[in-house]
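Trainee: Please take me closely through the charged side chains of this chain, pair by pair, and say where each partner sits. After that, please carry the account on to whatever else deserves a careful look before I set up any calculation.

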Amino acid sequence: LEIIVTIINLNDNTPVFKQTNFTITVPEDTKVNATIIVREDLSASDADLDNIYYELNSTVQDTTNYFAIKGINNPEIYLQKQLDYDKLKSTTLILYARDRPVSSNETTHTATATINIIIEQADTKPPWFLPCSFIDEDKSICISSPYSGRVNISEMSKEPLTLDPGPIYAKDPDYTINEKIVYSIVGGNVDNTFSVDADTGNLTMNKRATSPDSYLLQVMATQVNNKQKYSVVSVEIKVINKSDHAPYFGFSTYTGIVSVGAAPKSLVFQVEDPSSPLMIKAEDEDYPDV
């Protein structure tokens, strides 16, 4: 008697990953659709020879839209949205491998692999002149105000000029890279009157200013490693007559009187002469006729 026995495969094995924990570094400027981890490294095996169904989730809120797998049966992870280091510095992904579809009512075995992704900041932004103000919620664009200063006519200062709101200074906003920045004057330097220190940004004079006209300099900050990463700021230098004396008030104390319940913008009167408005006046010996 010949007896044929057919062994029916029982789903009694769990999928197995080659590696259950990955830690990789992804540059911020990685191109969209680029592969992050190849299929061969992420594929799970199953001793029951079942088809494997994959699903990718994130343990960090709002980061699943950055990374995805190629398909339900293809665990290769790729970048589907441009990275921004200011928004995302790291994330952890969980890759699930099941031997039945998620919707199946059959017994299902599941394996997981953890993928830790560290975002590496890239050199993506030009220098920022400081101080500057952010114009977007993401704080990715910072607009600087012009600098301003004064020099005396026909007089050459040997010290770096004092500017408002402060010395010329720019930084690399890609702060983990912090590339070296050099400075140069690229416009408005009539008769080569001024120089800027390439390393410090200090503005100095080469010669006297002989005209009362203001100078409107254009100063450029450039990254040493990439001359296409640059910013330009305006520096207005006003030429004024030299002042030898500080202004002064005629009295050290002024006392006025005002009626209770007076309307806004009502005049304040002198205590000594209630019929005369209180006047506060300063004088300057450099301008005796003013």
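Mentor: Counted with a limit of 4 Å between a side-chain nitrogen of Lys or Arg and a carboxyl oxygen of Asp or Glu, the salt bridges come to seven, and the model in which they are counted is a predicted one. One of them joins the side chains of Arg98 and Glu55, with a nitrogen-to-oxygen distance of 2.7 Å. This pair connects distant parts of the chain, since Arg98 belongs to strand β8 (residues 90-98) and Glu55 to strand β5 (residues 53-58), and the two are 43 residues apart. Their surroundings can be read from the accessibilities: Arg98 has a relative accessible area of 16%, which is under 20%, and therefore counts as buried, whereas Glu55, at 28%, is partly exposed.

Another salt bridge is formed by the side chains of Glu76 and Lys70, with 2.8 Å from N to O. Here the acidic partner is the buried one, as Glu76 has a relative accessibility of 14%, while Lys70 is partly exposed with a relative accessible area of 43%.

In the pair of Lys180 and Asp199, the side chains meet in a salt bridge at 3.2 Å, again from N to O. This pair, too, links distant parts of the chain: Lys180 is placed in the loop between β15 (170-171) and β16 (181-187), Asp199 in the loop between β17 (194-196) and β18 (203-205), and 19 residues separate them. Both partners fall in the partly exposed class, Lys180 with a relative accessible area of 47% and Asp199 with 48%.

Some charged residues are linked beyond a single pair, for Asp50, Arg100 and Glu106 take part in a network of salt bridges. Arg100 also matters to the description of Asp99, a residue in the loop between β8 and β9 (110-120). Asp99 is buried and yet has no salt bridge, the nearest side chain of opposite charge being that of Arg100 at 4.5 Å, a distance that lies outside the 4 Å limit and therefore does not count. Asp99 nevertheless has polar partners: its side chain makes a polar contact with the side chain of Asn11 at 3.3 Å, and a polar atom of the Asp99 side chain lies 2.9 Å from the backbone nitrogen of His109. For someone assigning charges, Asp99 is thus described by these two neighbours together with its buried state and its lack of a salt bridge.

From charged pairs we can turn to the covalent cross-link. The count of disulfides comes to one, formed by Cys132 and Cys142 with their sulfur atoms 2.0 Å apart. The torsion about the S-S bond is about 100 degrees, so this disulfide is right-handed. Because Cys132 lies in strand β11 (residues 132-134) and Cys142 in strand β12 (residues 142-144), the pair ties together parts that are ten residues apart in sequence. The two cysteines are not equally covered, as Cys132 is partly exposed at 21% relative accessibility and Cys142 is buried at 10%.

The backbone has some features worth recording as well. The peptide bond between Leu130 and Pro131 is cis, with omega at about 0 degrees, and Pro131 lies in the loop between β10 (128-129) and β11. A cis peptide bond also runs from Asp164 to Pro165, with omega near 10 degrees, and Pro165 is found in the loop between β14 (163-164) and β15. Leu49, although not a glycine, has a positive phi of about 60 degrees; Leu49 sits in the loop between β4 (44-45) and β5 and counts as exposed at 76% relative accessibility. Lys265, likewise a residue other than glycine, has a phi near 70 degrees, lies in the loop between β22 (256-257) and β23, and is exposed at 86% relative accessibility.

Lastly, the surface also has a nonpolar side. Leu1, Ile3, Val5 and Ile7 make a nonpolar surface patch of about 580 Å², and Leu1 is found in the segment before β1 (16-17).

Definitions and conventions
Residues are numbered from 1 along each chain as its sequence is written. This is a predicted model: local features need pLDDT of at least 70, side-chain atom pairs count only at pLDDT 80 or more; totals for chains, interfaces and linings use all residues. Side-chain values use heavy atoms; hydrogens and water are left out. A disulfide is a pair of cysteine sulfur atoms within 2.5 Å. Helices (H or I, at least four residues) and strands (E, at least two) are DSSP runs, numbered from the N terminus. Buried means under 20% relative accessible area, exposed over 50%, partly exposed in between (1.4 Å probe, protein chains only). Patches are made of residues with over 30% relative accessible area and no salt bridge: like charges are joined within 9 Å, nonpolar side chains (Val, Leu, Ile, Met, Phe, Trp, Tyr) within 5 Å. Accessible areas come from the Shrake-Rupley method with a 1.4 Å probe; for residues, only the protein chains shown count as cover. Lys and Arg count as positive and Asp and Glu as negative; His and the chain ends are not counted. A polar contact is a pair of N or O atoms within 3.5 Å; within protein, one must be able to donate a hydrogen and the other to accept it, and residues adjacent in sequence count only if both atoms are side-chain atoms.
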